[in-house]
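Here is a walk through a two-chain complex, meant to be read with the viewer open. Have a look around before starting on the notes.

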Amino acid sequence: MNPAERESKRRLVPRWRSLATTIKSGELASPMPRTEVRAPDEILPRPSDFLHRLERWNLSPSLVTAAELVESGIVEGREKDAVDAARRLVSIDKNAAPLIREQAAKLLERMGSGRDIPSDLKTGPVAIKGARDFIRVNLRDPLGWVELALAQTVRGASAAAERSMSVALKLAPDNRHVLRSAARLFLHRDDPERAIRTIGGSAATPTDPWLMASEIALAQVAGKSSRFLKRGAAVLAAGGYHPRQITELAGAVGTEELVNGNRRKSRRWFTQSMVDPTGSALAQGEWATASLGDGLISEDQLLAAFENEEALAFHLFRHRRFGAVKHACSQWALNDPFSVRPFEFGTLSAGYANDFEAALAFARRGLEMKPDSAFLLNALAFSAASLGILAEATEAVSKINPASTDRPQRLVAIANQGLIAFRQGNEGVARLFYAEAIDGFRRDGAFESVARAKIYLAREAMLAGTADWRTLLKDAHLSMAKFKDSPAISYLMLVEEDAAKRAAIEDSKRLNGGGSSKIGSPPFLALR
Amino acid sequence: MSAAARLYGLTLANGWTVTRHIEKSPNGTGGTFSESYEVQNGGRKGFLKAFDFSEAFGVGADTVYELQKLLDSYDHERDILDICSINKLSKVVVAVDHGSAQVPNMGTMEGRVYYLVFELADGDVRVQMDINKKFEVLLSVKAIRDVSLGLHQVHKQMIAHQDTKPSNVLTYSDDSFKIADFGRSSRRDRSARHDNFVVAGDPTYAPPELIYGFTHPEFIPRRMGCDLYMLGNLSGFLFTGVNMTASLLAKLDPQHHPRNWAGGYQDVLPYLQNAFTAVLNDVSPLIDLVVRDDMIKLIGELCNPDISFRGHSKGIGTPSQYSLQRYVSYLDVVAKRLAVRLRADGRKAA
């Protein structure tokens, strides 16, 4: 049985990905609102050395005057005026020191004059150093330690990642990127309380909309009251920040209002959040669309926003285009290497699309990151068993620790034991497992899960060719009819299409005298 | 043309004949300039720095105020050089003469030029920008050693140089190096007009905290910390031809550049630290393997963007954090060890 969708409680917890991507997303701009670019004279209240260098370069162009002008242009933020000097360094002064030419080439690239860079200086594939090698030369680099922690987390060394993150927190206890990354790591380690303490205890949080947004979202995850919800709403109401700087704060406050049933207020904050959203805020908007209705996000935003993959995945999922979701999830995983969610969402969607190879691959990759995830173990058991890889499926189910697993996942695991038993030919045992799971869901009032379990039971019965598979499918259909918005409806249709094909084959066999059973029409059309 | 720009061909009172006009340079006080010349006195050659006072006579200028400002600048540099001279600071380019000259056909006030004469050097270390002219690794290490000694000597007089850039590190024929140009220096307990500027020296080579407008309230961390950074910056330059400040700022995303950053220096420091790591990783492979670890450690300590981490690792947090004493001894050892090794390698090759 495919585990239940987990995105019904999406919260705007901070994303953790590479520093370069985070910077590109605009999350790490100045903490204070600003409206104007500072003039160089404000910084350097004395006549500019740059102008003197420009004059010297104009009077006597040479390697030295060119190199000095380029450096001065970089420091004083006047790179545009140093483009000619940079051109000389890359094209004429081939005897210039390599870093001088490289620096000039990069300036030309930044100024949109990349075509002037000779081929020997074009930026080719650069060998990226490992995070540990990178910081070896400067152990005082907090963001370098965060990068190391990220690399460690991605390869599953979470304890080492915590140690690296502790160093980063000591070096920069109030830096936004350090705090948000640390909070995300602690959340990944199932310690939301520590994540809240880390963000809430920073002196920067009361004045930083990104940190306030994180604290509000983490409090939602932990089921606690946020210390910064009121202040966050006040900051939003006061205005003054660039829309990108408050997109996540508006999304977090909007989520809180939505959860509390204040749809009107929620829509107001989400509308503010969607003015210039980050990828995560966009995904939150897409998530909220299910409750607030269409119109929050424009199609242009969905397609053009930076890091839009998660939102796209949600959007495609919502429109039951499960086959396309896996592509979005693959991209999402590339951009969000720490998060296990692209793999969870990918395996779930691929399972609904009957693409069990993809579902299995997503589950395996997710488990490399979070080996004890009951959701992923269930997804792996389901997809592996569906492909007949029973040993792997059995092993996955056996790894689910009932003591630390929530009840819905435990019940899914029982259903998956039923699936494995069916594939092993133990129909009697299989039925017992399914009955236990269905009964458990029913007693919990999880009727959508009851209906889903029935679909998978019917599927297995059909594949096993049991006498009652049509009855079971009809029963599943009737149960599912109450949940027209459930993504499992699409899967039911797939099963029913399969059933129709089987019915046709059996009909043809019967007409040719091969069979005697009376086949009824599959009921899937009634739901279409 | 200002009086200071018209000295070519003149013979000055102390017997110096002005033989070549070199260039116009910005001076320490901001808004003032000086003209550079080669001069000769018998068989002796020198470098003359003439202070350009023309601005004081510009239209609308408060001439008395401007003249006072310019004279203060001249006096400040001359006084500092006197201290260096009296204390026989061996790695500092001291003035061999000073005085004033009257340019013919100009008014008494307008045509008066104040000057300083220095011993003439062979050149400066900017040759390191050219791979065909740059000098050997041993000479680079000697340059760092000599400059650190020169700065240590002036620091002991409670003077901070604040403008230790490649053009101010002069080379001599005996393979020695000296530090020149005290026009932007500061003395503890004695103020100079440029003390009020956030960046006293050339901003292209200045430490990042000053470019972001952060000034430590105390003289030693602010001004001697600046010298430490510039020494580290020079060390990087001697091996790569580029300066650390420009390399550092080039690594930043534009939103963290001083022009765009609206937060405090502490807020931007983590980004600078990360950019600094990247710069050190770029610089490292360009340093000869024989001294790479020594030099990367030195640059890493001296150029750290966080002023509280700047200085020798053994001195961080102590009263001697900004002292160059440890580096002077250390660089002496590095230079000697390198010389021995190179000699041994030469013998082996032979």
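## Pairing around strand 3 of chain B

Start in chain B, where strand 2 (residues 33–41) and strand 3 (residues 44–52) line up antiparallel, with nine bridges between them. The hairpin they form has two residues between the strands. One of the hairpin's residues, B:Gly42, takes a positive phi near 65°. At this end of the pairing you'll find B:Asn41 standing opposite B:Arg44 of strand 3.

Strand 3 of chain B also has strand 5 (residues 112–119) of chain B as a partner, again antiparallel, through six bridges. Within that pairing, B:Leu48 is matched with B:Val117. Is strand 3 of chain B mostly covered or mostly open? Mostly covered: of its nine residues, seven are buried. As a reminder for reading strands in the viewer, side chains in a regular strand alternate between the two faces of the sheet.

## How far to trust it

This is a predicted model, so check the confidence values as you go. Chain B has an average pLDDT of 91, and 97% of its residues score at least 70. The stretch to be wary of is residues 27–31 of chain B, where the pLDDT drops below 50. In the model that stretch still has 21 contacts beyond near neighbours in sequence.

For the complex, the predictor reports an ipTM of 0.90 and a pTM of 0.85.

## Two loop residues with positive phi

Most residues other than glycine have a negative phi. Chain B holds a couple of residues worth a look on that score. B:Asn105 is not a glycine, yet its phi is positive, about 65°. You'll find B:Asn105 in the loop that runs between strand 4 (95–102) and strand 5 of chain B. B:Asn105 has 6 other C-beta atoms within 10 Å, so it counts as exposed.

B:Asp175, also not a glycine, has a positive phi of about 60°. B:Asp175 sits in the loop between strand 8 (169–171) and strand 9 (177–179) of chain B. Is B:Asp175 buried, exposed or partly exposed? Partly exposed, because it has 13 C-beta neighbours inside 10 Å, and the exposed class stops at 12.

## A buried loop residue

Next, go to B:Ala192, in the loop between strand 10 (186–187) and helix 3 (208–211) of chain B. B:Ala192 has 22 C-beta neighbours inside 10 Å, so it counts as buried; the cut-off is 20 or more.

Which residues does B:Ala192 contact, leaving aside its neighbours within four places in sequence? They are B:His76 and B:Ser186. B:Ala192 also comes within 7.7 Å of B:Asp72, C-alpha to C-alpha, although 120 residues separate the two in sequence.

## Chain A, helices and no strands

Chain A has 28 helices and zero strands. Its C-alpha trace spans about 100 × 55 × 45 Å along the principal axes. Of its 528 residues, 51% are buried. If you take the contacts in chain A between residues at least 6 apart in sequence, 54% of them join residues at least 24 apart.

For a helix pair to inspect, try helix 26 (residues 447–464) and helix 28 (residues 488–511) of chain A, which pack at an angle of about 20° with their axes 10 Å apart. That angle is why helix 26 of chain A counts as roughly parallel to helix 28 of chain A. Their crossing is left-handed. Residues meeting there include A:Ile455 and A:Met462 from helix 26 of chain A, and A:Leu492 and A:Val495 from helix 28 of chain A.

## Where the chains meet

Now for the interface: 51 residues of chain B are in contact with 46 residues of chain A. On the chain B side, helix 5 (244–251), helix 6 (265–283) and helix 7 (292–302) each supply at least two residues. Helix 6 of chain B gives the largest share of that side, with nine residues.

One place to zoom in is where helix 4 (residues 63–76) of chain A packs on helix 5 of chain B, at an angle of about 50° and with the axes 8 Å apart. That makes helix 4 of chain A oblique to helix 5 of chain B, and the crossing is left-handed. From helix 4 of chain A, the contact uses A:Glu71, A:Ile74 and A:Val75. Helix 5 of chain B answers with B:Thr245, B:Ala246, B:Leu249 and B:Ala250.

Note on methods: Residues are numbered from 1 along each chain as its sequence is written. Chains are lettered from A and ligands numbered from 1 in the order in which they are written. This is a predicted model: local features need pLDDT of at least 70, side-chain atom pairs count only at pLDDT 80 or more; totals for chains, interfaces and linings use all residues. pLDDT is the predictor's confidence in each residue, from 0 to 100. Two residues are in contact if their C-beta atoms, placed from the backbone, lie within 7 Å. Helices (H or I, at least four residues) and strands (E, at least two) are DSSP runs, numbered from the N terminus. Two strands pair if DSSP finds at least two bridges between them. Axes are lines fitted to C-alpha atoms, for helices over the stretch in contact, and angles run from 0 to 180 degrees between N-to-C directions. Angles under 35 degrees count as roughly parallel, over 145 as roughly antiparallel, 65 to 115 as roughly perpendicular and the rest as oblique. A crossing is left-handed if the near helix is turned anticlockwise from the far one by less than a right angle, and right-handed if clockwise.
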